[in-house]
Amino acid sequence: MNASNQKSINQEKSQAINRALIIDLLRQQGVCSRATLAHLSGLKQATITNIIAECITSGLVMETGLMSGSKGRRSIGITLNEEHCHVIGIRMTRSAFYLCLAGLSGKPFHVQEFPIAPGEPVQTTLPRIRRAVEDTLAQSETKIAAACMAMPGPYHEDRDCLFFVTELSGWQNYPIRATLTKGLDLPFLVVNDANASAFAQLWYHGQEPATQNMLYVLAGQGVGCGIISEGRLVTGQRGLAGEFGHNSIDYNGLPCECGNRGCLEKYCSTLALRSRIRERLAAGEASKLQADALSTEALAHAVAQGDPVACEEYDRVCEFLSIGITNLINQLNPGIIVIGDELAEIAPDRMLATVRERVKESVHTLSPGEVAIEVNRLPGSPVLLGAAAFAAQSVLADPGKLIQEAAVSQEISSAPLELAAQ
Ligand SMILES: [Zn+2]
């Protein structure tokens, strides 16, 4: 390879890196000026001007009009064009799947819920998810560039299946992406739900220093953890990192589908909570709750009203969660732990009080305040936000491809009619 070829390859690489950097800054900032982009990126104003010009021509970004800048100067605002293309985010749970349509930056604007019947086989659910995706593609007037589905279990990328999943029979070892995408021209990611939630925190709060070393504890129908270390999502060699719901807290305990005994998840999930409450109701204990109406809202209401069965059982799962979180702190030394999902939504303040108290008693290696414990602040489902964000990231990581595709489609639409018809 001669020197001029090498120079040209280097130029192409740096152009691709600069484009992706500018697009990511625009996503984080929402609206900002060319001067702000130059300041934040450290790139020359001329480089910014060129990149923004090609992005405007291709419809990837747009100008929003005059905005006031520093020292009273006025400049033109730039923002991502959310309508350039859309992405799909899907969240799979044990009782329903959710599909959202999101803009170019991954912000959902339309969410649909599809209930899953108890015991519904995977051979029924996966084709239903595929039909929902096909319907969305058929109805959309805007190009859909990618999709991502978050699963309630660790996904093995190479084998295209879940390592294991609790309370969802038939899913283990069943090909997921192949079933969803056969014959479909759509880039499709499959990820784990705790990782999707952690990624959503990074996508929306990535500029906050605390997010750089963060654990997202998903406490819902299962228990898992997404790990952010040095600003990056850590998934391990095969995507199994963070499965702390399968840390045993009792080696003589209940058997678990993962092969272990006494897994934390068996004692500390909304499934375990509901099961314990049903047992106490069946034993005739006085409670405002009904065994056949234990929705998150009903549980939240009962705990808020001080119902003894609801409060005692909720506190019990929070105690178990505290054991798991103490272990996580000792293993991973996070700066912040964010707890989210169904269990946290029942009574977030009560949960935080229990977990903070127990962690303070158990972790003596850290001074109080050295690890912050909070509940999720993102609106809606972080899992769904994360799935859409993963899909958006896969598109935005290569703005050059979007620019090229736009150029081709503009050429086709500006070609003479007789040529276009050929
Ligand atoms: Zn287990």
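A residue is termed exposed if 12 or fewer other C-beta atoms lie within 10 Å of its own C-beta, and buried if 20 or more do. The tour below applies these terms to a predicted model.

Begin by selecting helix α7, residues 270-282. Its 13 residues reach 18 Å from the first C-alpha to the last, close to the 18 Å expected at 1.5 Å a residue. Next, colour T270, A272, L273 and I277, which are buried. Viewed down the axis of α7, the buried residues fall within an arc of 160°, so they line one face of the helix. Now rotate to the face turned away from that buried side, where the exposed residues E279 and A282 are found. To see what covers the buried residues of α7, display α9 (308-332) and α10 (342-346), which are among the covering elements. Before leaving this region, select G284, which follows α7 and has a positive phi, near 90°.

Move next to strand β11, residues 214-219. Six of its six residues are buried, so the strand is largely enclosed by the rest of the structure. Both of its faces are covered: M214, Y216 and L218 are buried on one side, and L215, V217 and A219 on the other.

Then add the partners of β11. Strand β12 (residues 223-229) runs antiparallel to β11 and is joined to it by six bridges; three residues separate the two strands, which form a hairpin. Within this pairing, select L215 and, opposite it, I227 of β12. Finally, show strand β14 (residues 336-340), which runs parallel to β11 and is connected to it by five bridges. Here V217 has I339 of β14 as its bridge partner.

Note on methods. Residues are numbered from 1 along each chain as its sequence is written. This is a predicted model: local features need pLDDT of at least 70, side-chain atom pairs count only at pLDDT 80 or more; totals for chains, interfaces and linings use all residues. Helices (H or I, at least four residues) and strands (E, at least two) are DSSP runs, numbered from the N terminus. Two strands pair if DSSP finds at least two bridges between them. The expected span of a helix is 1.5 Å times one less than its number of residues. The arc is that of the directions from the helix axis to the C-beta atoms. Two residues are in contact if their C-beta atoms, placed from the backbone, lie within 7 Å.
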